[in-house]
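Here are my notes on this model, jotted down as numbered points. Have the viewer open while you read, and start with the charged pairs.

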Amino acid sequence: MINLNKLYWLKKEITQIENQIKDLSILKANTMNGMPKGNGTSSPVERFYERLEKLEEKLQAKREQYIIETERIEDYIENIEDAKIRVIARKRFIEH
């Protein structure tokens, strides 16, 4: 069974991750200049970039998943016989 609402939630996740990346970028601009190294094995700057990289990888994976799910839902909708119902389904499940 295909979950037609999956795109909606994937889009929400993508937006959240984009906001996290934006917030980290603002933090970097405001606080990372001249930050001293910590006593651990990695500096706060290194940890920051590791976190940013993980978020960017996660964002890319979610975007790829969004494309795949869009194609699956589009294929499902395309098999609906009634053109009016196809248009309504696209508006509801793809265009939100």
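1. Salt bridges first. Searching the whole structure turns up seven of them, where a salt bridge is a side-chain nitrogen of Lys or Arg within 4 Å of a carboxyl oxygen of Asp or Glu. As background, side chains of opposite charge can pair when their charged atoms come close.

2. Before going on, a word on what you're looking at. This is a predicted model, in which local features need pLDDT of at least 70 and side-chain atom pairs count only at pLDDT 80 or more, while totals for chains, interfaces and linings use all residues. Residues are numbered from 1 along each chain as its sequence is written, and side-chain values use heavy atoms, with hydrogens and water left out.

3. The overall layout is quick to describe. The protein chain has three helices and zero strands, giving the pattern α-α-α when you read along the sequence. Helices here are DSSP runs (H or I, at least four residues), strands are E runs of at least two, and both are numbered from the N terminus. Of the 96 residues in the protein chain, 26% are buried. Buried means under 20% relative accessible area, exposed means over 50%, and partly exposed is in between (1.4 Å probe, protein chains only).

4. Have a look at Lys62 and Glu13. Their side chains meet in a salt bridge, at 3.3 Å from N to O. Lys62 sits in helix α2 and Glu13 in helix α1 (residues 6-31), so this pair ties together parts that are 49 residues apart in sequence. Is Lys62 buried or exposed? Lys62 is buried, with a relative accessible area of 17%, whereas Glu13 is partly exposed at 32%.

5. Glu69 and Arg72 make another pair, with a salt bridge at 3.0 Å, N to O. These two are three residues apart in helix α2, so about one helical turn separates them. Glu69 is buried at 6% relative accessibility, and Arg72 is partly exposed at 41%. Salt bridges that share partners also bring in Lys6, making one network of Lys6, Glu69 and Arg72.

6. Further along, Lys91 forms a salt bridge with Glu95, and their closest N and O atoms are 3.2 Å apart. Lys91 is partly exposed, with a relative accessible area of 48%.

7. Now helix α2 itself. With 35 residues, α2 reaches 51 Å from its first C-alpha to its last, close to the 51 Å expected at 1.5 Å a residue. The expected span is 1.5 Å times one less than the number of residues in the helix. Which residues of α2 are buried? Among them are Pro44, Phe48, Leu52, Leu55, Leu59, Tyr66, Ile73 and Ile77, and the list also includes the charged pair members Lys62 and Glu69.

8. There's a patch of negative charge on the surface, where Glu46, Glu50, Glu53, Glu56 and Glu57 gather. Patch residues have over 30% relative accessible area and no salt bridge; like charges are joined within 9 Å, and nonpolar side chains (Val, Leu, Ile, Met, Phe, Trp, Tyr) within 5 Å. Asp and Glu count as negative and Lys and Arg as positive, with His and the chain ends not counted. Glu50, one of the patch members, lies in helix α2 (residues 44-78) and is partly exposed, at 45% relative accessible area.

9. A few C-alpha distances are handy for seeing which parts face each other. Lys22, in helix α1, is exposed at 53% relative accessibility. The C-alpha atoms of Lys22 and Leu52 are 9.7 Å apart, with their positions 30 residues apart along the chain. Arg63 belongs to helix α2 and is partly exposed at 37%; from its C-alpha to that of Lys11 is 8.5 Å, and the two are 52 residues apart along the chain.

10. For the third helix, try Ile88. Ile88 is in helix α3 and is partly exposed, with a relative accessible area of 46%. Ile88 and Ile77 are 11 residues apart in sequence, and their C-alpha atoms are 9.7 Å apart in space.

11. Last, a backbone point to check. Which residue has a positive phi although it is not a glycine? That's His96, with a phi of about 60°. His96 lies in the segment after α3 (83-93) and is partly exposed at 36% relative accessible area.

Conventions
Accessible areas come from the Shrake-Rupley method with a 1.4 Å probe; for residues, only the protein chains shown count as cover. The place of a charge is taken as NZ of Lys, CZ of Arg, CG of Asp or CD of Glu.
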